[in-house]
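Dear colleague,

Please find below the structure that I am handing over to you. My findings follow directly after it, and I would be grateful if you read them with the model open.

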Amino acid sequence: MPQTQASKDALARDSNLCQWCLYREHRIRSVFYYVEGYHPMMGGGHHVIKPRNVDTAENVISLCPRHHSMAESHKITKRETVELLSEITGVDLHTKYREFCNW
């Protein structure tokens with residue numbers, strides 16, 4: 001799926017670094033880094049609040065292929081990505097987009 005302008009803005013905000021790697025695993029990994037076993041096109045912006053029409057940079061987190069795949073398959077939960085992105089942006093996304101947070 002192509003990157004939206006909001007995704008591009010979020011990637012620029014995050015310096016193209018996987019935010020899960022940076023904040024949860026304390027390492028630096030580019031979203032474009034090849035991760036064994038994961039398709040390299042999976043890296044990039046991930047909309048944490050669905051539907052995708054909530055297309056703002058504050059709703060997009062930069063993830064490497066591994067963590068993007070894990071977020072898509074719910075191995076990293078929606079709640080975890082919302083909490084991390086709220087820390088990064090300083091916006092309480094759960095409150096702001098409460099109607100889309102079904103937990």
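T56 sits in the loop between β1 and β2. The model is a predicted one, and in it T56 is partly exposed, with 29% relative accessibility. Which residues does T56 touch, once those up to four places away in sequence are set aside? They are A6 and Y97. The C-alpha atoms of T56 and A6 are separated by 5.0 Å, although the two residues are 50 apart along the chain. Between T56 and G90, which are 34 residues apart along the chain, the C-alpha separation is 14 Å.

D55 belongs to the loop between β1 and β2 and is partly exposed, at a relative accessible area of 32%. Neighbours within four places in sequence aside, D55 is in contact with T4, A6 and H47. A6 is thus a contact of D55 and also a contact of T56. From D55 to I28, 27 residues apart along the chain, the C-alpha atoms are separated by 26 Å.

Turning to the overall fold, the protein chain has 5 helices and 2 strands. Read from the N terminus, the order of the elements is α-α-β-β-α-α-α. The C-alpha atoms occupy a box of roughly 35 × 25 × 25 Å along the principal axes. A compact globule of 103 residues would have a radius of gyration near 13 Å, and the value of 12 Å for the protein chain agrees with this. Where contacts join residues at least 6 apart in sequence, 64% of them link residues at least 24 apart.

As for burial and surface, 41% of the 103 residues count as buried. The chain exposes about 5800 Å², of which carbon and sulfur atoms supply 55%. There are 13 positive and 12 negative side chains, and the centres of these two sets lie 3 Å apart.

The interior deserves a closer look. In soluble globular proteins, nonpolar side chains tend to be buried together. Here the largest nonpolar core has 18 residues, and those touching the most other members are C18, W20, V48, I49, I61, L63 and L93. Two or more residues of this core are given by each of α2 (19–24), β2 (60–63), α3 (65–72) and α4 (78–89). Which element supplies the largest share of this core? It is α4, with 3 residues.

W20, one of the core residues named above, touches E25, S62, L63, H67, I76, E80 and L84, not counting residues up to four places away in sequence. Among these contacts is L63, which is itself listed with the core residues that touch the most other members.

Another of these contacts of W20 is H67, and H67 is one of the buried residues of α3. The others in that helix are P65, H68, M70 and A71. The cover over the buried residues of α3 includes α2, β1 (44–47), β2 and α4.

Two backbone angles call for attention. H74 follows α3 and has a positive phi, near 65 degrees, in a residue other than glycine. H74 is placed in the loop between α3 and α4. Is H74 buried or exposed? With a relative accessibility of 60%, H74 counts as exposed. The cut-off for that class is over 50%. H26 is likewise a residue other than glycine with a positive phi, in this case near 55 degrees. The loop between α2 and β1 holds H26, and at 68% relative accessibility H26 counts as exposed.

One further loop position remains. G90 is found between α4 and α5 (93–96). The relative accessible area of G90 is 66%, and G90 is therefore exposed.

With kind regards

Technical notes: Residues are numbered from 1 along each chain as its sequence is written. This is a predicted model: local features need pLDDT of at least 70, side-chain atom pairs count only at pLDDT 80 or more; totals for chains, interfaces and linings use all residues. Side-chain values use heavy atoms; hydrogens and water are left out. Helices (H or I, at least four residues) and strands (E, at least two) are DSSP runs, numbered from the N terminus. The radius of gyration is taken over C-alpha atoms; the globule rule is 2.2 Å times the number of residues to the power 0.38. Buried means under 20% relative accessible area, exposed over 50%, partly exposed in between (1.4 Å probe, protein chains only). Contact means heavy atoms within 4.5 Å. Accessible areas come from the Shrake-Rupley method with a 1.4 Å probe; for residues, only the protein chains shown count as cover. Lys and Arg count as positive and Asp and Glu as negative; His and the chain ends are not counted. The place of a charge is taken as NZ of Lys, CZ of Arg, CG of Asp or CD of Glu. A nonpolar core is a set of buried Ala, Val, Leu, Ile, Met, Phe, Trp, Tyr and Cys residues joined through side-chain atoms within 4.5 Å.
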